[in-house]
Amino acid sequence: RWMIRRDVAEVLAISESTSEPLAEESLLVYLRQRNCIGMVVESVPEDGAHSWHDRIDGRANVRTSIDAPVVAFAVYTLHTDHLRLVRLAVAPDCRRKGVASAMIRRLVSKLSSHRRTSLRIRAPRTKGEAAFLRERGFRKTKRGWSYDLGAWDAVAAARADARMPDAPLGILADYLEEREHSAAELVRELV
């Protein structure tokens with residue numbers, strides 16, 4: 001669900017458990033921006049009827065009590081052609097349970113519906129963060145990491161195209177430029 005004012009204390013507590021804690025004023029400055037959205041995940045009901053994935057992906061219609069604790073949050077900004085993930089954190093006792101992966105999937109699912117083709121993230125601080133992003137389909141770019149829906153689909157389509165069975169990346173970049181500009185930019189970064 002969307003982050004609301006009463007979630008701020010719990011979000012800041014989760015942030016304190018990260019390598020780079022977020023100050024309250026910094027969080028509020030982000031959230032006051034017109035193009036910024038905060039998302040939180042509340043704890044799963046004790047009965048275990050719905051998984052993290054169902055709750056975060058919106059498949060489960062679960063009502064939680066007003067006192068359900070926030071166990072993860074994400075702050076992202078909307079741009080014309082992409083989303084930028086500003087911050088994502090999970091409470092220490094909920095890590096390695098698929099919560100962050102489900103939140104990333106939720107953000108990726110918003111890409112096509114909002115006509116934004118990529119989810120961008122600044123450079124990770126640790127090898128573990130880099131591995132996490134790589135396992136979820138992100139690629140390293142000049143400015144950080146990016147999950148680009150169009151680029152990888154377009155590269156696969158170009159390679160499958162009978163006209164270009166074994167085309168080098170330079171030719172693929174020209175091919176993609178005709179079809180999807182953001183995909184071409186990513187391919188050029190890889191060359």
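No disulfides are found in this predicted model: the count comes to 0, where a disulfide is a pair of cysteine sulfur atoms within 2.5 Å. In general terms, a disulfide is a covalent bond between the sulfur atoms of two cysteines. Cys36 is buried, with a relative accessible area of 9%, and Cys94 is buried as well, at 8%. Here buried means under 20% relative accessible area, exposed means over 50%, and partly exposed lies in between (1.4 Å probe, protein chains only). A word on conventions may help: residues are numbered from 1 along each chain as its sequence is written, and side-chain values use heavy atoms, with hydrogens and water left out. As the model is predicted, local features need pLDDT of at least 70 and side-chain atom pairs count only at pLDDT 80 or more, while totals for chains, interfaces and linings use all residues.

Turning to the overall layout, the protein has 8 helices and 6 strands. These elements are DSSP runs numbered from the N terminus, with helices (H or I) of at least four residues and strands (E) of at least two. Along the sequence they follow the pattern α-α-β-α-β-β-α-β-α-β-β-α-α-α. Of the 191 residues in the protein, 43% are buried. Contacts (heavy atoms within 4.5 Å) often link distant parts of the sequence: among those with a separation of 6 or more, 58% are between residues 24 or more positions apart.

The strands can be followed one pairing at a time, with two strands counted as paired if DSSP finds at least two bridges between them. Strand S1 (residues 36-42) runs antiparallel to strand S2 (residues 70-78), and 7 bridges join them. Within this pairing, Val40 has Phe73 of S2 as its bridge partner. S2 is in turn joined to S3 by 7 bridges, again in the antiparallel sense, and a hairpin connects S2 to S3 through 3 residues. Two bridges illustrate the match: Ala74 is partnered by Leu88 in S3, and Leu78 by Leu83 in S3. On its other pairing, S3 meets strand S4 (residues 118-121) in the parallel sense over 4 bridges, with His82 opposite Ser118 in S4. S2 is largely enclosed by the rest of the structure, because 8 of its 9 residues are buried. S3 is also largely enclosed, since 7 of its 9 residues are buried.

One residue of S3 deserves a closer look. Arg87 is found in this strand, which spans residues 82-90. Arg87 is buried yet has no salt bridge, and the nearest side chain of opposite charge, Glu20, is 4.0 Å away. A salt bridge requires a side-chain nitrogen of Lys or Arg within 4 Å of a carboxyl oxygen of Asp or Glu; for charge, Lys and Arg count as positive and Asp and Glu as negative, with His and the chain ends not counted. The backbone of Glu20 is also involved, as its oxygen lies 2.5 Å from a polar atom of the Arg87 side chain. Beyond its neighbours within four places in sequence, Arg87 is in contact with several residues, including Ser15, Thr18, Pro21, Leu22 and Val75.

After S3 comes a contrasting arginine. Arg96 is found in the loop between S3 and helix H4 (99-113). At 87% relative accessibility, Arg96 is exposed, whereas Arg87 is buried. Arg96 also has a positive phi of about 65°, although it is not a glycine.

How values were computed:
A polar contact is a pair of N or O atoms within 3.5 Å; within protein, one must be able to donate a hydrogen and the other to accept it, and residues adjacent in sequence count only if both atoms are side-chain atoms.
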